[in-house]
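Welcome! Have the sequence and the 3D view open side by side, and let us walk through them together.

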Amino acid sequence: MQLIDALAIVLIVAAAAAFVLGDAALARAEDLKALYWLIIGAVSVRAGVQIARPRAKA
Amino acid sequence: MAPPDERRNNGPGEGQATASPWAAILAGVSMLGPAAQASVPGLYAWALTVAPAAWSRGAPWVAKATAIMGLLSLGASVVAERRWGAARYVGVWGLVLTSSVTWVLAPAALSPLHLDVARGVAGMLGWALFAFACAAPALRRSAYPDARLGDEGPLRPRTELRRGDGLYILGGALVALALQTVGWRVNVPERALLVRVVSLAAGLAIVAAVTSVALARHGRPTQRPSEREARRLRRDKLRAGLPWLLGLAMLGILGLLAILRES
């Protein structure tokens, strides 16, 4: 496995953690925090997919 | 392409020996009639959502009677379907109508205070499976149970799949499942629904991303690329991900600034 592939996997794991934090914040009715974490999750997913597979759609 | 002699099976029992346990389960289910196939999820849904309501504290005896009638209609449809083709409808409508009457007679049993979340979700899945089993065509027994696709044995794949794909998919599925465990104690129904929708969308995004990363491994040439080519590939990948990494860095700085402002 190349370093760049490991970076893609790390980004997707980070995205999963961000989604969990966003979901938990949404359940606690902390909407601004939820939005922040969910945006971070979406951007991380996109970054991970683009690094692993350029020009792919997530 | 390999010559036919190489692709031929070694013996008549080879196809059966490699049959998966799922194929055996499917074959067993296909021996049942349509009503019997639908009765399994129907019984499951009845046990989770109707019986607890009928036998809850304060439920009238009529609720118990209608619940038992629902179970009887399900059993009657299984017994009668070999002689009477329309018996399936007795099972479907008998269970649905008697369950509705039971819930109307004992409404307190379905309130959020009395209904456990896990049981509620399991019951919802049970009714969804029952609806699917009733609406979808039933599994039919094969006319040629011992027949195989061809005399030349199983087809050979054009290319070998890389190992480890299952681990990628398993990881993505576990993350998607973990997301479903968040936010089950929300009291406001609208917010609870929003949390479920968001967690479902997030899980789908993670599964799609993991699948893309796993597929990226298959697109590579079988021969090791030259050093120059590998460098160019790395540069292309970084260039494609750079705008998103910059966006991520900006979001990180914004988060830090918000934390500093709060403290």
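Here is a short briefing on a predicted model, with most of the attention on one helix and its neighbour.

**How confident is the predictor?**
- For the complex, the predictor gives an ipTM of 0.91 and a pTM of 0.55.
- Chain B has a mean pLDDT of 77, with 73% of its residues at 70 or more.
- Within chain B, confidence is highest in α5(B), at 89, and lowest in helix α1 (residues 4–7), at a mean of 43.
- Take care at the start of this chain: residues 1–17 of chain B have a pLDDT below 50, and beyond near neighbours in sequence this stretch has 17 contacts in the model.

**A look at chain A**
- Chain A has 2 helices and 0 strands.
- Of its 58 residues, 47% are buried.
- Among chain A contacts between residues at least 6 apart in sequence, 39% join residues at least 24 apart.

**Helix α5 of chain B**
- You can check the length of this helix yourself: at 1.5 Å a residue, the 20 residues of α5(B) (residues 61–80) should span 28 Å, and the end C-alpha atoms are indeed 28 Å apart.
- Which residues of α5(B) are buried? They are Ala63(B), Thr66(B), Ala67(B), Gly70(B), Ser73(B), Leu74(B) and Ser77(B).
- These buried residues cover an arc of only 110° around the axis, so they lie on the same side of α5(B).
- A handy rule helps here: an α-helix has 3.6 residues a turn, so residues three or four places apart point the same way.
- Now turn the helix around: Trp61(B), Leu72(B) and Val79(B) are exposed on the other side of α5(B).
- The buried residues of α5(B) pack against three helices of chain B, namely α4 (34–54), α6 (87–105) and α7 (117–135).

**How α4 and α5 of chain B fit together**
- Two packed helices are described by the angle between their axes and the distance between the axes.
- For α4(B) and α5(B), the angle is about 170° and the axes are 10 Å apart.
- Angles over 145 degrees count as roughly antiparallel, so α4(B) and α5(B) are roughly antiparallel to each other.
- Residues of α4(B) that meet α5(B) include Ala36(B), Gly42(B) and Trp46(B), and on the α5(B) side they include Lys64(B) and Val78(B).

**One residue to find: Leu43(B)**
- Leu43(B) sits in helix α4 of chain B.
- Its relative accessibility is 44%, so Leu43(B) counts as partly exposed.
- Leaving out residues up to four places away in sequence, Leu43(B) touches Leu71(B) and Leu74(B).
- Leu43(B) and Gly70(B) are 27 residues apart along the chain, and their C-alpha atoms are separated by 9.5 Å.

Note on methods
Residues are numbered from 1 along each chain as its sequence is written. Chains are lettered from A and ligands numbered from 1 in the order in which they are written. This is a predicted model: local features need pLDDT of at least 70, side-chain atom pairs count only at pLDDT 80 or more; totals for chains, interfaces and linings use all residues. Side-chain values use heavy atoms; hydrogens and water are left out. Helices (H or I, at least four residues) and strands (E, at least two) are DSSP runs, numbered from the N terminus. The expected span of a helix is 1.5 Å times one less than its number of residues. Buried means under 20% relative accessible area, exposed over 50%, partly exposed in between (1.4 Å probe, protein chains only). The arc is that of the directions from the helix axis to the C-beta atoms. Contact means heavy atoms within 4.5 Å. pLDDT is the predictor's confidence in each residue, from 0 to 100. Axes are lines fitted to C-alpha atoms, for helices over the stretch in contact, and angles run from 0 to 180 degrees between N-to-C directions. Angles under 35 degrees count as roughly parallel, over 145 as roughly antiparallel, 65 to 115 as roughly perpendicular and the rest as oblique.
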